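Welcome, and please take a moment with the sequence and the model below. A short tour of the fold, its surface and its charged pairs follows.

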Amino acid sequence: ILLHPHIDGISLPVRKAFMSATQGRSEAVLDRNQRREAEIKEALKQEAARHAAAVKNMHRLRALRLAQDEKAKTDAKIKSKA
């Protein structure tokens, strides 16, 4: 079996060691990429939660401001009648 011109002259144990090391590096890269993807997914999830909280707070503050404005208008009408 001809594998590659540089590999054909190498003994079988050396070839197996080389292939094992290459496979180990491939698995390490795969693990690192999977960890990175998991970290990105978690960061996106946290960012979505922060955004939702900010929007919720914005609506709460707007409702509070509108209620205060309405109360101020009502108070002004009462004072003008008195």
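Is Lys71 buried or exposed? Lys71 is exposed, since its relative accessible area is 54%, and exposed here means over 50%. Keep in mind as you look around that this is a predicted model.

Let's step back to the whole protein. Its secondary structure consists of one helix and zero strands. That helix, helix 1, covers residues 12–81. Of the 82 residues in the protein, 0% are buried. The accessible surface amounts to about 7,700 Å², and carbon and sulfur atoms account for 62% of that area.

Now for the charged pairs. The count of salt bridges is two, and here they are side by side:

| Salt bridge | N to O distance | Spacing in helix 1 |
|---|---|---|
| Glu47 – Arg50 | 3.1 Å | three residues apart |
| Asp75 – Lys71 | 3.3 Å | four residues apart |

How far apart along helix 1 are Asp75 and Lys71, in helical turns? About one turn separates them, because they are four residues apart in that helix. Glu47 and Arg50 are likewise spaced by about one turn of helix 1.

What about the exposure of the partners? Glu47 has a relative accessible area of 42% and is partly exposed. Its partner Arg50, at 48%, is also partly exposed. In the other bridge, Asp75 is partly exposed at 33% relative accessibility, whereas Lys71 reaches 54% and is exposed.

Definitions and conventions: Residues are numbered from 1 along each chain as its sequence is written. This is a predicted model: local features need pLDDT of at least 70, side-chain atom pairs count only at pLDDT 80 or more; totals for chains, interfaces and linings use all residues. Side-chain values use heavy atoms; hydrogens and water are left out. Helices (H or I, at least four residues) and strands (E, at least two) are DSSP runs, numbered from the N terminus. Buried means under 20% relative accessible area, exposed over 50%, partly exposed in between (1.4 Å probe, protein chains only). Accessible areas come from the Shrake-Rupley method with a 1.4 Å probe; for residues, only the protein chains shown count as cover. A salt bridge is a side-chain nitrogen of Lys or Arg within 4 Å of a carboxyl oxygen of Asp or Glu.
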